[in-house]
Amino acid sequence: MRSLVTGANGFLGSHLVETLLAAGDDVRCLTRRSSDRRWLDGLPVEYAWGDVTDPDSSQAATRGVDRVFHLAGLTKALHPRQFFAVNAGGTANVLVAAADRTSPPRVVVVSSLAAIGPAPSDQPPTEETPGRPITPYGESKLAAEKVAAQYRDRLPLTIVRPPTIYGRRDPETLPFYRLAKWGLRVVVGGDRRLSLVEATDVARALLLVANAPSAIGRTYFVANHEPVSLDRLLVLIALAVGTRTVRLPVPAGLIVAAGALNGQIARARGRPHMFDRDKARDIVARHWVCDARRIQQELDFAPMVPLAEGICRVAEWYRQVGWL
């Protein structure tokens, strides 16, 4: 099979590329020439230079492929319109290009739990739960899903929604490991539960749905079987780092204020930062959980990486590359 991966140079994308190569696929990566491709260095992939926001790039990249895995997306931006231009507009460009092929490829669109939003209680939403995103990023991912829904009659298409993804190469979880190394376990007041999934498990799920005819037209959450409390997650990180930590409760208002200030600094510098007012809203939301039983029941998929083991793998990788 010849597979196109958009966003291949990113954290999840690079794991998917490795999974596809191990399965024997020829892999084409749609990426900008200026992008950091360190996780793809040395891999036998073909590059299609361009950007999902450019319709011509998408047209060229989709020629002759059997499958399209659309992962490219923006996770930080200075203005909400930038999220929509890339996450919704880029999805439209890729799907238009795929639908224009004489033999349309199998398409897997990677969305996010952010498109649905946090749960009002620890009762996890299912794939049928209406989306109520709380940030422009989440709104743009829900908009991308609505774009994808318009192509269900023209393309063999599946949407996959992971929650928080962790794993090797992930810079977003690094601050929690560094805080643990400094002996701190920062917890935003109140019980908070999270659904998590390791990156290689997501990559396995994406390949599985791409190969399963019964997955066409379906939407799937992909997550570990049970959510975990934030405090328990931070304890596991401390154990992986090998330190004893002090639990430090932080008021939600302080997190929001710090995010707003950091966002203002980012705008003044003209460079988006991962931690801003919207990210702070994500952090203080009570329950980022989802019910991932559908993919298990319909496709017999189950995550293979236990949380404690995965957290230890990440800590070891951070040490090896000098991040920790």
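**View 1. The buried residues of helix α11 in this predicted model.** Start with the residues of α11 that are tucked away: L307, G310, I311, V314, A315, W317 and Y318 are its buried ones. Look down the axis of α11 and these residues fall within an arc of 165 degrees, so they line one face of the helix. Helix α11 itself takes in residues 307-321, 15 residues in total. From its first C-alpha to its last it reaches 21 Å, close to the 21 Å expected at 1.5 Å a residue.

**View 2. Helix α8 and its two sides.** Helix α8 covers residues 252-269. With 18 residues at 1.5 Å each, α8 should span 26 Å, and its end C-alpha atoms are indeed 26 Å apart. Which residues of α8 are buried? They are I255, G259, G263 and A266. These buried residues cover an arc of only 70 degrees around the axis, which puts them on the same side of α8. Now turn to the face of α8 that points away from the buried side: there you'll find the exposed residues G253, L254 and A268.

**View 3. A nonpolar patch on the surface.** Three residues, W182, L184 and L248, make up this nonpolar surface patch of about 320 Å². Zoom in on L248 and you're in strand β13, which runs over residues 246-250. Is L248 buried, exposed or partly exposed? Its relative accessibility is 38%, so L248 counts as partly exposed.

**View 4. L142 in helix α4, and its distance from R313.** L142 belongs to helix α4, made of residues 136-149. Its relative accessibility is 16%, and because buried means under 20%, L142 counts as buried. How far is the C-alpha atom of L142 from that of R313? The two C-alpha atoms are separated by 32 Å, and the residues are 171 apart along the chain.

**View 5. Two cysteines, C29 and C312.** C29 has a relative accessibility of 0%, so it counts as buried. C312, on the other hand, is partly exposed, at a relative accessible area of 41%. How many disulfides does the structure hold? The count is zero. For anyone new to the term, a disulfide is a covalent bond between the sulfur atoms of two cysteines.

Conventions: Residues are numbered from 1 along each chain as its sequence is written. This is a predicted model: local features need pLDDT of at least 70, side-chain atom pairs count only at pLDDT 80 or more; totals for chains, interfaces and linings use all residues. Side-chain values use heavy atoms; hydrogens and water are left out. A disulfide is a pair of cysteine sulfur atoms within 2.5 Å. Buried means under 20% relative accessible area, exposed over 50%, partly exposed in between (1.4 Å probe, protein chains only). Patches are made of residues with over 30% relative accessible area and no salt bridge: like charges are joined within 9 Å, nonpolar side chains (Val, Leu, Ile, Met, Phe, Trp, Tyr) within 5 Å. Accessible areas come from the Shrake-Rupley method with a 1.4 Å probe; for residues, only the protein chains shown count as cover. A salt bridge is a side-chain nitrogen of Lys or Arg within 4 Å of a carboxyl oxygen of Asp or Glu. Helices (H or I, at least four residues) and strands (E, at least two) are DSSP runs, numbered from the N terminus. The expected span of a helix is 1.5 Å times one less than its number of residues. The arc is that of the directions from the helix axis to the C-beta atoms.
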